[in-house]
Amino acid sequence: MKRNVLIIGAGGVAHVAAHKCAQNNKVLGDIHIASRTLGKCQAIIDSIHEKGSLQSAGRLEAHQLDAMDIEATKFLIRATHSQIVINVGSPFLNMSVLTACIETGAAYLDTAIHEDPAKVCEAPPWYGNYEWKRRQACKDARVTAILGVGFDPGVVNAYARFALDTYFDRVDSIDIIDINAGNHGRYFATNFDPEINFREFTSTVWSWEQNQWKANSMFERRKDWDMPVTGTSTTYLTGHDELHSMSQNLGVPNIRFWMSFSEHYINVFTVLKNLGLLSEQPVRTARGVEVVPLEVVKAVLPDPASLAPNYTGKTCIGDLIQGTKDGQAQQVLIYNTCDHKECYEEVGSQAISYTAGVPAVAAAMLIAKGTWDVGQMANVEELDAAPFIELMNRMGLVSRIKDAQGDRILHPRQESAYESKPRMLVNY
């Protein structure tokens, strides 16, 4: 068993991850939280004590760390005896933290694809530009590295894996649908880091269609979906992390990602973009000060964590999978709904952070118990989805399935068609 967790980052997802680690510290052991700002880490610890989240008495400590410094990160991993590192800091940190884990032997988890601050929307498959180049290094060091294990990417990858193994002989399409029907009451805000949020939407939208990459512009393709709980919502085809791995690992010819946006969000986004305020390239002001417009916009927008107290409404995120079973057309929706207010009452966060943080901790627990401790790099769809879905059901993220048999909670081991198929990771 692996024990002791180092959480890198102190934003909204780190907040949830820390609470969930605390709720399961009998399995996970000591919990350490590290970021550049020590006060943010301590605030999370204070919140854990206030909510009474600790399952049992245990070590809970804050640390100041620049995770871009590989040597400093290695030192902290060793000093805290952490055998599992949950990287929920900026995606700019991924390769530095991954390197530190490979060199110390700690298991590595993240929730988003690596990004180069100077580049936006890289050529697909994006994982091939960074993380996948370290596959052999992970394998040689027998280091488990689970990539993109938030909700999307992460849980949606597992939903696809489970559906392929259980309900289909052939899958023709997977549409990942992400609906946030909540209201935070602010004029304008993003639900996670504004810089990362805007970088997703300012360049090419890549989708996987007919076994090849297709390029579109943001907000070019629109579709309305009628989803459980949230009802009918307008979504737009959006590029997203999970497409870059699922397209390579699942053998499905069409995989698309759809996200809901309000007209107000689109209008504000369009104005900011047309004014050049979403650019990642530095400009010089009339006073001679060099600034990055996108960083300025981030500085003036609300901290996503500050939205939680007044957030109401629900989210619905899932996979609509279509194909055939025994020669007959088959359609299955596997999804989760989450309530912003309930998330705040439990751990002091909004649902967007909650849905990303819980899966990362579930994966850490599966590594700790040996179930997912595979000793190499893997994306979520390369692993057995059943124990992951079962564990999340017990941790606050309940999965449901809607098909010809009705709408019900998904209990993987109880599904009559389920056959345990051990995931065989590809040897690269």
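## A guided tour of the predicted model

Val143 has a relative accessibility of 1% and therefore counts as buried. The structure on display is a predicted model. Select Val143 to begin: this residue sits in the loop between α6 (135-141) and β6 (145-147). Then add Met246, which is 103 residues away along the chain; the two C-alpha atoms are separated by 22 Å.

**Two valines on helices**

Move next to helix α11 (residues 293-300), where Val296 is located. Val296 counts as partly exposed because its relative accessibility is 39%. A C-alpha to C-alpha distance drawn from Val296 to Tyr127 gives 28 Å, for a pair 169 residues apart in sequence.

Now select Val271, in helix α10 (residues 263-274). With 48% relative accessibility, Val271 also counts as partly exposed. Add Leu275 and Leu277 to the selection: together with Val271 they form a nonpolar surface patch, and the accessible area of the three is about 270 Å².

**The second largest pocket**

Which residues line the second largest pocket? Select Val229, Lys314, Thr337, Cys338, Asp339, Glu342, Cys343, Glu346, Tyr354 and Gly396 to display its lining. Colour β16 (328-339) and α12 (340-347), the elements that each give two or more residues to this lining. By class, the lining comprises four nonpolar, two polar and four charged residues. The space in this pocket amounts to about 160 Å³.

**Salt bridges**

Keep Glu346 selected and add Lys20: their side chains form a salt bridge, with an N to O distance of 2.6 Å. This pair connects distant parts of the chain, since Lys20 belongs to helix α1 (residues 12-23) and Glu346 to helix α12, 326 residues apart. Are the two partners buried or exposed? Lys20 counts as buried because its relative accessibility is 1%, whereas Glu346, at 30%, counts as partly exposed.

Proceed to helix α7 (residues 155-166), where Arg161 and Asp165 are four residues apart and so are separated by about one helical turn. Their side chains meet in a salt bridge at 3.2 Å, N to O. Both partners are buried: Arg161 has a relative accessibility of 11%, and Asp165 has a relative accessible area of 12%.

Select Glu290 and Arg284 next; the closest N and O atoms of this salt bridge are 3.5 Å apart. Here Glu290 and Arg284 are both exposed. Finally, select Asp175, Glu209, Arg221 and Arg256, which are joined into one network by salt bridges that share partners. Across the whole structure, a search finds 21 salt bridges.

How values were computed:
Residues numbered from 1 in each chain as written. Predicted model: local features only at pLDDT ≥ 70, side-chain atom pairs only at ≥ 80, totals over all residues. Heavy atoms only, no water. 1 Å grid on protein atoms, 1.4 Å probe; cavity = no way out; pocket = protein on both sides within 12 Å on 5 of 7 lines; lining within 4 Å. Points joined across faces, edges and corners; volume = space filled by probe spheres on them. Nonpolar A, V, L, I, M, F, W, Y, C, P; charged D, E, K, R; others polar. Patch = residues over 30% accessible without salt bridge, like charges linked within 9 Å, V, L, I, M, F, W, Y side chains within 5 Å. Areas by Shrake-Rupley, 256 points an atom, 1.4 Å probe, with all protein chains shown as cover. Salt bridge = Lys/Arg side-chain N within 4 Å of Asp/Glu carboxyl O. Buried < 20%, exposed > 50% of the residue type's maximum accessible area, 1.4 Å probe, protein only.
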